[in-house]
Every structure is written in C-alpha cells, then in structure tokens.
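Trainee: I'm new to this one. Could you walk me through it, one question at a time?

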Amino acid sequence: GDEVKRLIRSIQVFEADITLFVSCTQVVADELPVKYPDLRLAIYPRLDKYRNHISWNWHGRKDMERMPGDVWPNFNLEKTILMRLALSSGARGVWYVDADVVLVGKLQEHPWEVKAGLSPHNILPERADQFGYFNSGVVYFSAIPMADKWIQSTFSSTKLLQTRDQHGLTIFRKDPDAFENYCGVDVGMYQIRDRHNKEQEEIYDLVRCENGEIMFKSCVVSSFHYHLGEDGPKLQTVIQRAIEDCNHPALEVFPKGHARYPAHPPNAVEPVRKNGRNIPLNSPDSGIPGNVVVVAVLTHLNTPLTRLLDSLTNTNVQKTVIAAISEGNAPKVTGMYKNLKFAFWRHMHEKFRHPDTWLWPTADEMIQTGQWTPFRQIKFDLMRTAFENGATGVWYLSEDVAVKGPLPVFPPEKKIALIRHSPVPAHQPKNGTGIFDEGVMYVADKATLHRMETLMKTPENYDSLDGSPELQELSCTEGTVPGRRHPMPVIKCGDDKFWLYPR
C-alpha cells in the first residue's frame, strides 16, 4: 500500500546502506526484490498463517482483536521474532518500525550500553494508562534477552488485549539497560491531536522548518508516525509545508505537491470551534439558503460512504452536504468531491468510539450500551443545522444508500418521506427502530423535524405516522446488482431513486 511505499522510499533516501528485515506474506516476499532491487533485503514470509484474519486495513486488525485467544498479540509480536533474527545474524542493534512510519532523517545511533531504546507516547497520563507508556511502533533492541523480556511481559499483562504489547514495554521503564529514544523519534499523531496529547489542544503548528531542520516543539524530527487515512492528511500537509520551506532532503520522499490537502478547501464551509463545540457558519457560499440539503454521518471513508458520495456526484445533485466527520477526512472529502458543497461538524460523533481502543462500535454494541439513541440523535442535530441556515427541505441518507437520480420533489402537504423496513435479511431493522427505515428520510421544515425527533425517542419510533396524510411513503422493490463474486441484493425505493445495499 501507499504507507509501505512511503516507508521504503524514506529508507532508500536516509538509510540506503542498511539491511531491511521484512516479515510478510509469500506474495509480498515475491514482489519486494523485483520492485526494490537496490535494497539489501532479508525476507521472512511468516504471515501467511494470518491470512484469514488480515485484510491489510483497520478492519483486519479489528477482526483479529475480536477473535478468541491471542491472535492479535501473537501477530503484533511477530516484530520481536524478526528482531531476534536480525540480532542473531550479527547485527549490533536493530530498529523495528511500523509500516505507517516515515523517516525524515537518519535513525538515531545508540551507544553500545543501550540494550533497548523506547519511544514514549508523550500523552495524557490517563491515555497512557489505556494505550501504554511506550509506543510499540518504533523500538530499538541490541540484545535478544530484551526481546524475550518483552514477550513475557506482554503475555503476563492483564491490560486490554488491543494494546497489551505496548503495556508489555512498560516493564523497561525501570530497566537500567533501557533508555528513551530522542524526542524527535516516532513523532505520532497522538502527540499532536487534542484528544490524546498533554497540551489538550491541537499543535500542528509546532511542526515546522527551523534552521534547515524539520522540528516538532524543540526536537529535530527523524521519523513521523501516522496513517494516510483518517486524521493523517492534515498532518501530511503540515509536514509537506515544513519540508518545502527547508528545501529538506525529505523532498525525495514528499516531492512538491505530493498528497497536498489544502488546510481550508475553497468549497468547504468551515465550522467555528468555540469552547470545544462546533458552531456552523452562515455563509453565502454554502449553498444552503433556498436549497434542499443532504445530511450524512461520515465515520470512515470506506466503500459504502464513497459509494454514497459518488452517487450524489454522478447524479448531479448540486446540493450542500452537511456532515459529521473526522478532522482528517474533511479535506480529503472536499478534495475528492469538488462539485459538492460541504458544511462540516467535527468530532460530533467521535465520542461514540471505544475509549480504550478508539475503534467504532457496531450498531448492536451501541444498542447494548445504550448509545444507539444518542448516536441516532446526530442526524437530527445536523438536520436542525440545515434548517437554522435557511434550508427548504432536508434529506438524511445513511451510508448504505446510493442515489440514482434527482432527489424527489413532494407536494406541500407531504412533510415527511420514509421507507418501510425490507423483508430482506440484510436490511432487517435494528432493535427499537420500528416499522420504518430511517436510512432514507426527508423532512420539510423545522417544526416537523422536532416532531420526528420526539418520535425517535419513543418505543414506537415513527410507527404512529403509518397512514398519516403528511407521510410520503417511498415504495420499494427487491432486486440485485452485480457484485465482485456474486449478485448483491439491493432494495430499490422511490421509483428507483434510492438503492439500499446490504449492511
């Protein structure tokens, strides 16, 4: 993927003479020597045994974390086996780096007495208690017993499974042969974002060029640690700017204009944050006054969400999309969908992430924990924002929907549009959502929205609307569309204007 290519390119620029030990699948083992003939590679195809659990994205990790036994810790500690192999081959010391790390300088050189070099998270104490004091993504060892000690500590830990390998490193805090790496090693997103860092505010501006060096705070940076998705694009933009300002050698890794995400996309309506709350702007460029608005909750830019946004683009729906979205995805979305206008509310839905792992819960998990109704409330908050800014009608579309034509127009007496839950198993209702599916919802005005919001919080939900003259029920038929391997069931509603895909 792009992150691996970025890491390897940075190694070629800053550490071209090292031997790169790689643990991978057999397919990758066959490809690497062909793609990178100039690198000295020691390849160990050890990961095929995990292939049923690895999709090489966040969901693959989630699958392994939820499996019984120690699948995730065993996978995560493959790095210790690789480090042992490197040390056994005669290396004086070995650095392990995660695939989402990128070098912007040479690796730190430790003196001979350092048996372990570890990178503190440098985050809030309560966050460190959740995720571990040290980050396991950048680790230095010069002695095999230290790797063994890490393994033993990890499997004896009673901490949360997802971060147990990082908690296993805590044992080295009192080890006289272990030292903390320089503060410019492993500069991670968690040190910059306000939800984790000690400053409790976003400090992107502390990544800068100073005297020809890439700096973070008072530290010369040699490596950054961040994913290209989620919140990564904003940090990448800041790093790019610093590299260009310095005319830094890392330009060979980040060439000018590479993956540039504008800090303030010209077609986006940026919200104002005040006292930690998101305040939407009234803007003549927003496209809101006098228009029907589409509302969406964007958690990840996964296939369903890009399918939804693609469909809005392809059907020439020149409307504003008001979205709850993460900080990192906002510029990415506006860059990908330039003919749609966006008004963003940031962080609105992130409170629903698991506090220990920062993963998104499933709908069933939210139902069990009592979060389902508050999560559903988000759509009403977004729709209210549209009406407060002059919208003349609002559609809410969930991530499993694709729009296949112009949005329907209803007579004035029709204040609400809904579809019934489908009998198709893939579209069965979640607990407590009644006979109507709120994945496609139209509301004509603010007063009607208030009534809908009240109904949403009752056990009957919207059932009392059945037969109401205000309701425009969107009739649906079952169908299929081609899938990657097999036909995929879809529900086609509203004269085939809305397609509902399996959840």
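Trainee: Let's start small. Where is the place of Leu340?

Mentor: Keep in mind that this is a predicted model. For Leu340, look between two elements, helix H11 (329–336) and strand E18 (341–346). The place of Leu340 is in the loop between H11 and E18.

Trainee: Is Leu340 buried or exposed?

Mentor: Thr313 is 27 residues away from Leu340 in sequence, yet 7.0 Å away in space, C-alpha to C-alpha. The relative accessible area of Leu340 is 1%, and buried means under 20%. So Leu340 is buried.

Trainee: Zooming out, what percentage of the residues in the protein chain is buried?

Mentor: The protein chain has 14 helices and 26 strands. Of its contacts with a separation of 6 or more, 67% involve residues 24 or more positions apart. As for burial, out of 503 residues the buried ones make up 53%.

Trainee: Now helix H13. How far apart are its end C-alpha atoms?

Mentor: H13 covers residues 372–388. At 1.5 Å a residue, its 17 residues should span 24 Å, and the model agrees with that, because the end C-alpha atoms of H13 are apart by 25 Å.

Trainee: How many residues of H13 are buried?

Mentor: Go along the helix and you'll meet buried residues including Trp372, Phe375, Ile378, Leu382 and Ala386. Charged names turn up as well, among them Arg376 and Lys379. H13 is mostly covered, and of its 17 residues the buried ones number 12.

Trainee: Which way does H13 run against helix H14, parallel or antiparallel?

Mentor: Two packed helices are described by the angle between their axes and the distance between the axes. The axes of H13 and H14 (residues 446–456) come within 10 Å and cross at roughly 175°. Angles over 145 degrees count as roughly antiparallel, so H13 is to H14 roughly antiparallel.

Trainee: And how many residues of that contact are nonpolar?

Mentor: H13 brings residues including Phe380, Met383 and Phe387, while H14 brings Leu449, Met452 and Met456 among others. Charged residues take part too, including Arg376 of H13 and Lys446 of H14. The split is 2 polar, 5 charged and, for nonpolar, 6.

Trainee: Which residue takes a positive phi just after H13?

Mentor: Step past the end of the helix, which closes at residue 388. The phi there is about 95°, and the residue that takes it is Gly390.

Trainee: On to the sheets. In the sheet with the order E20-E26-E25-E24, which strands stand at the edges?

Mentor: Strands of a sheet pair through backbone hydrogen bonds, either parallel or antiparallel. This open sheet has 4 strands with antiparallel pairing. Two of them have a single partner strand each, so one side of each is left without a neighbour in the sheet. Those are E20 (401–403) and E24 (476–481).

Trainee: Which residue in E25 stands opposite Glu478?

Mentor: E24 pairs with E25 (residues 488–493) in the antiparallel sense, over 6 bridges. Glu478 lies within the range of E24, 476–481. Its opposite number in E25 is Ile491.

Trainee: Last one: at what angle does helix H9 run to strand E9?

Mentor: E9 (207–210) is an edge strand of an open sheet with the order E9-E10-E11. E9 pairs with E10 (residues 213–216) in the antiparallel sense over 4 bridges. H9 lies across E9 and E10, and its angle to E9 is about 5°.

How values were computed
Residues numbered from 1 in each chain as written. Predicted model: local features only at pLDDT ≥ 70, side-chain atom pairs only at ≥ 80, totals over all residues. Heavy atoms only, no water. Pairing = 2+ DSSP bridges. Axes fitted to C-alpha atoms, helices over the stretch in contact; angles between N-to-C directions. Parallel < 35°, antiparallel > 145°, perpendicular 65-115°, else oblique. Contact = heavy atoms within 4.5 Å. Expected span 1.5 Å × (residues − 1). Buried < 20%, exposed > 50% of the residue type's maximum accessible area, 1.4 Å probe, protein only.
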